[in-house]
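This briefing walks through a structure with the bench reader in mind, topic by topic. Please keep the sequence and the model open while reading.

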Amino acid sequence: MSASVPALFRRFAVALAVFLTVTVAAFAAHAQSKVQDVRVGVHQGFTRFVLELDAAAPYRLLTLRDPYRVVIDLPEVAWETGDESAGSLTKGVIGKFRFGLFQHGVSRFVIDLREPALIKSHFRLDPEPGAGHRLVLDLQPGTDQQFATAMGSVESDDWASRQSGVAATARAQQQAMIRAPVRPSEQAETRLKTIVIDAGHGGVDPGAIGASGIYEKKITLAFAMDLRDRLQALGQYRVLMTRDRDIYIPLRKRYEVAHQNEADLFISIHADAHHTPDLRGFSVYTLSETASDKEAAALAAKENKSDILAGYDLSEYDDQTSFILLDLAQRKTSESSWQFAQSLVKNVGSNVKLLRRPHRFAGFAVLKSPTVPSVLVELGYLSNRREEKDLRTPAYRASLADSIIRAIDVYFEHQERLSRS
Ligand SMILES: [Zn+2]
């Protein structure tokens, strides 16, 4: 008895699904392991950093320069520190810190150093009365030269075995996200337009912090999901997300999702914070080598810091996708991005308050797809109490999402007319 090829394939698919389910379940079980406390102590000649957990966990340490950072990677863990995932310790060589999901299966803790410092030692301690499992890092001040020489990664001996399984799961999940559902019809005239919605920030990168303490990454995700659901309900668009949970995604991976799915539109969702608490209003940004104004340039610089905040090793980027501006495809894309931005200003502006000069441009890294028209929207200012409250209100978000959908409809109708004329 020989099984037919499709039957074999089905068996393989079932086996793979079972494998993935079991693997994912294994990590989900591990995700219950919790970080319970973070402590810093200043000692003679070194700063001690302690991460306390309810179970021993493998770890990897990474040091990065520009600015000086120490990164601690752990298997996916829960944080018993509540909702907050960023703060400041400012003791010894340690300044600010952030933590959160770095990728599927990997939680990350990023420490900003106030000066170059070397990892003098790192070890785990077993629980004892009054203290749980601890991961200890001793950091010793050094020179820039010493920091550069010592730069790299070290890991506990049990990290590799744990991570090989995690990597397989992460790859499978990444693939599942990137290779999204097949188009309902491949025929050109009935092909649904594909829209990629990018919820800004996430995981180890909290984004801006609001007047009452809410993180931008939460608002952007809530809004992106609302927008996705409302768009999908229309049945006229194929809608994909770059993230649908609290996880960090490198900037380049975000527009690669749009690229690989041959998207027709990419919308990156953000909400800004400003030192002037009165400032409020919706604004939209498109890509340009020269910025429209100083504020737009500063905003782009801030948004482009996401990878640095997350401790993403920028050398992991390969050069093959570093796009060059100014070629023909890019010019057409940039015209379309401009059109969509104008449609947003018109349609959103009839509904909510706009920022002064609401369409601006600058060198946003996330908008660099050469073929997919892309915009970045700042829904409003979280530093403004009223707008922060609005953005936390589902009814307000729904109404704002609907005006963005009107802008999308108008934009595609316009593109359609252009292609026919
Ligand atoms: Zn942002």
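The zinc ion in this predicted model has as its protein donors His201 (NE2), Glu216 (OE), His270 (ND1), Glu303 (OE) and Glu303 (OE), which lie 2.1 to 2.4 Å from the metal. Along the sequence, the donor residues of the zinc ion follow the spacing H-x14-E-x53-H-x32-E. His201 and Glu216 link distant parts of the chain, 15 residues apart, with His201 in the loop between strand S12 (193-199) and helix H4 (216-234) and Glu216 in helix H4.

**Burial of two zinc donors**
- His201 has 6% relative accessibility, and because buried means under 20%, His201 counts as buried.
- Glu216 has a relative accessibility of 2%, so Glu216 counts as buried by the same cut-off of under 20%.

**Helix H4 and what follows**
- The 19 residues of H4 should span 27 Å at 1.5 Å a residue, and the end C-alpha atoms of the helix are 27 Å apart, so the expected span and the one in the model agree.
- The buried residues in H4 are Glu216, Lys217, Ile219, Thr220, Leu221, Phe223, Ala224, Leu227, Arg228 and Leu231, and the zinc donor Glu216 is therefore listed among them.
- Just after H4 comes Gly235, which takes a positive phi of about 70 degrees.

**Helix H5 and what follows**
- Helix H5, made up of residues 251-260, is mostly covered, with seven of its ten residues buried.
- These buried residues of H5 are Leu251, Arg252, Arg254, Tyr255, Glu256, Val257 and Ala258, a list that includes arginine and glutamate.
- Glu262 follows H5 and has a positive phi, near 45 degrees.

**Aromatic pairs and cluster**
- Across the whole structure, a search finds 15 aromatic pairs.
- One of these is formed by Phe97 and Phe109, whose ring centres are 5.4 Å apart and whose planes meet at 5 degrees, so the pair is stacked, given that planes under 30 degrees apart count as stacked.
- Because Phe97 lies in strand S7 (residues 94-103) and Phe109 in strand S8 (residues 106-113), the pair ties together parts that are twelve residues apart in sequence.
- Both Phe97 and Phe109 are buried.
- The rings of Phe102 and Tyr248 have their centres 5.2 Å apart and their planes at 10 degrees, so this pair is stacked as well.
- Phe102 and Tyr248 link distant parts of the chain, 146 residues apart, since Phe102 is in strand S7 whereas Tyr248 is in the loop between strand S13 (237-241) and H5.
- Phe102 is buried, as is Tyr248.
- One aromatic cluster is formed by Phe49, Trp79, Phe97, Phe99 and Phe109.

**Charges over rings**
- Arg108 places its charged end over the ring of Phe102, at 3.5 Å from the ring centre.
- Lys120 lies over the face of Phe46, with 4.6 Å to the centre of the ring.

**The protein as a whole**
- The protein contains ten helices and 17 strands.
- It has 421 residues, of which 48% count as buried.
- Among contacts in the protein with a separation of 6 or more, 76% are accounted for by residues 24 or more positions apart.
- The accessible surface of the protein comes to about 20,300 Å², and 55% of that surface belongs to carbon and sulfur atoms.

Terms used
Residues are numbered from 1 along each chain as its sequence is written. This is a predicted model: local features need pLDDT of at least 70, side-chain atom pairs count only at pLDDT 80 or more; totals for chains, interfaces and linings use all residues. Side-chain values use heavy atoms; hydrogens and water are left out. Donors are N, O and S atoms within 2.8 Å of the metal (3.2 Å for Na, K and Ca); water is not among the atoms, so sites may look incomplete. Helices (H or I, at least four residues) and strands (E, at least two) are DSSP runs, numbered from the N terminus. Buried means under 20% relative accessible area, exposed over 50%, partly exposed in between (1.4 Å probe, protein chains only). The expected span of a helix is 1.5 Å times one less than its number of residues. Contact means heavy atoms within 4.5 Å. Accessible areas come from the Shrake-Rupley method with a 1.4 Å probe; for residues, only the protein chains shown count as cover. Rings of Phe, Tyr and Trp (its six-membered ring) pair if their centres lie within 6.5 Å; planes under 30 degrees apart count as stacked, over 60 as edge-to-face and the rest as tilted. A charge sits over a ring if NZ of Lys or CZ of Arg is within 6 Å of the ring centre and within 35 degrees of the ring normal.
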